[in-house]
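User: I'm new to this one, so could you take a close look at one part for me? I'd like to hear how two of the helices pack together, and then what else is worth a look.

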Amino acid sequence: MEDNSDRIKKLEGVDRREFLSFCAQIAAALGLSSMWVPKVAEAIENAAKRPPVIWMHFAECTGDSESFIRSNYPSIASLILDVLSIDYHETIMAAAGDQAEEILHKAITTQKGKYIAICEGAIPMATPPGPGGKPGAYLTIAGKTGYEIAKEVCTDALAVICVGTCSSYGGVQAQKPNPTGAVGVGKALGIQTINIPGCPHNVVNSVATVVNYLLMGTLPATDKYGRPLFAFKKRIHDQCTRRSHFDAGQFVEEWGSEEAKNRYCLYKMGCKGPQTYHNCNIVRWNQGTGWPIGAGHGCVGCSEPDFWDTMSPFYERLENVEVPFFGIEASADKFGLALTGVAAAGAAAHAVVTLNKKKEHEEIIVHNKNESSKATETDKKKEGE
Ligand code: SF4
Ligand code: F3S
């Protein structure tokens, strides 16, 4: 059996510096200081402590596996062999058919209660019309429904981590009128799952969730939607690189305009950053370089439950964002006008906004079509995009 020194050597082969930089990213995502980086590395390298992972596919587009496979630091090989110890992943494993079924069966029976099930995709629960249709048959693999497979794999798992919005809450499959009755894995099975939504999710967040378990022996604290607080505690709007333009009333009003080139705020182009909680601005994609707003597209709220229904139309703004000190129904139009119309008023408003930014835990209530949610912090980051 491979021991730690073999494993470390293998990591050194992949590129130890890159591995440590990935560990630093994981530590930062978990809100840990750089002093924790060696401990994160140690936790990942300790093969004896690392639980095996079984990665399941249900109704989805494989975007979360794509996001995972595109990880450069560390490479996919390192992620599979050394970071997550993936025993089963249909998209990337060499085995197929009966051989794959056998591997899955062996993993869940010999590792009962010890493995982590990572789920990608929603579970259809409706019964197709016509003779012989059975509940959940819209997704059938080797004669079993997605629901039956999910139950078999998730019931005896140490933990179930749902990656992507589909496995977390149903995603696009669950969009109205939802003909297949698609729901998230937790809802389908009536179990508590750790949900890492996003369309797709970010691999830093899924690995950080496992590392949290390795370091602390517990799964991370979550919000009411099962999302780890380390990644979903803050609103995008409060960490956005364009926030200073929102505060200054500077908005993009047309694609391709000077304002768009100047990277002004995308609120009037439909950005749902004020209604969305995610650390995508911090962890980013493409080797940590890109995220939707950075690329010039408004947020569509991809990490919120039912975002296909509640956040659309994606290119129209929601008028009812509450802005502190500017009234309950103040819209970005009014807010911008208040700041840019009258110099004195603008200066006063700026002072108020600055004061507000310093007040930690100030609640900014955001209304969307169906529900209201609360933000707990209003600090922002001003990195160059
Ligand atoms: Fe950023 Fe969107 Fe908020 Fe504008 S509305 S500051 S683009 S999150
Ligand atoms: Fe998704 Fe919005 Fe972030 S669309 S990736 S939550 S900017």
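Analyst: Let's start with H2 and H9, which are roughly perpendicular to each other, because an angle from 65 to 115 degrees counts as roughly perpendicular and their axes cross at roughly 95°. Keep in mind that this is a predicted model. To find the pair, look for residues 37–45, which make up helix H2, and residues 203–216, which make up helix H9. Two packed helices are described by the angle between their axes and by the distance between those axes. For the distance here, the axes of H2 and H9 come within 9 Å.

Now zoom in on the side chains and backbone where they touch. On the H2 side you'll find Lys39, Val40, Ala43 and Ile44, and they meet Val211, Leu214 and Leu215 in H9. Sorted by type, the residues of this contact come out as six nonpolar, no polar and one charged.

Stay with H9 for a moment and step into the loop between strand S9 (194–196) and H9, where proline 200 lies. The peptide bond leading into it from cysteine 199 is cis, with omega near 10°. There's another cis peptide bond to look at, joining lysine 176 and proline 177, with omega about 5°. Proline 177 is also in a loop, this time between helix H7 (165–169) and strand S8 (182–183).

While you're browsing loops, have a look at alanine 142. Its phi is positive, about 50°, although it is not a glycine. You'll find alanine 142 in the loop between strand S5 (140–141) and strand S6 (144–145).

Finally, the ligands. Ligand 1 has 13 residues around it, and the ones that come nearest are His237, Cys240, Cys265, Leu266 and Cys271. The space that ligand 1 takes up is the second largest cavity. Its shell is made up of nine nonpolar, two polar and two charged residues.

Ligand 2 has its own set of surrounding residues, including His278, Cys280, Cys299 and Cys302. Trp285 and Trp291 are also among them, along with Ile236, Thr276 and Pro292. That shell divides into eight nonpolar, four polar and no charged residues. So if you go back to the helix pair with that in mind, remember that the H2 and H9 contact has one charged residue, whereas the shell around ligand 1 has two.

Notes
Residues are numbered from 1 along each chain as its sequence is written. Chains are lettered from A and ligands numbered from 1 in the order in which they are written. This is a predicted model: local features need pLDDT of at least 70, side-chain atom pairs count only at pLDDT 80 or more; totals for chains, interfaces and linings use all residues. Side-chain values use heavy atoms; hydrogens and water are left out. A residue is near a molecule or strand if one of its heavy atoms lies within 4 Å of it. On a 1 Å grid over the protein atoms alone, a cavity is a set of points where a 1.4 Å probe fits but cannot get out, and a pocket is an open set with protein on both sides within 12 Å along at least five of seven lines; lining residues have an atom within 4 Å of a point. A molecule sits in a cavity or pocket if more than half of its atoms lie within 2 Å of its grid points. Ala, Val, Leu, Ile, Met, Phe, Trp, Tyr, Cys and Pro count as nonpolar, Asp, Glu, Lys and Arg as charged, and the others, Gly among them, as polar. Axes are lines fitted to C-alpha atoms, for helices over the stretch in contact, and angles run from 0 to 180 degrees between N-to-C directions. Helices (H or I, at least four residues) and strands (E, at least two) are DSSP runs, numbered from the N terminus. Angles under 35 degrees count as roughly parallel, over 145 as roughly antiparallel, 65 to 115 as roughly perpendicular and the rest as oblique. Contact means heavy atoms within 4.5 Å.
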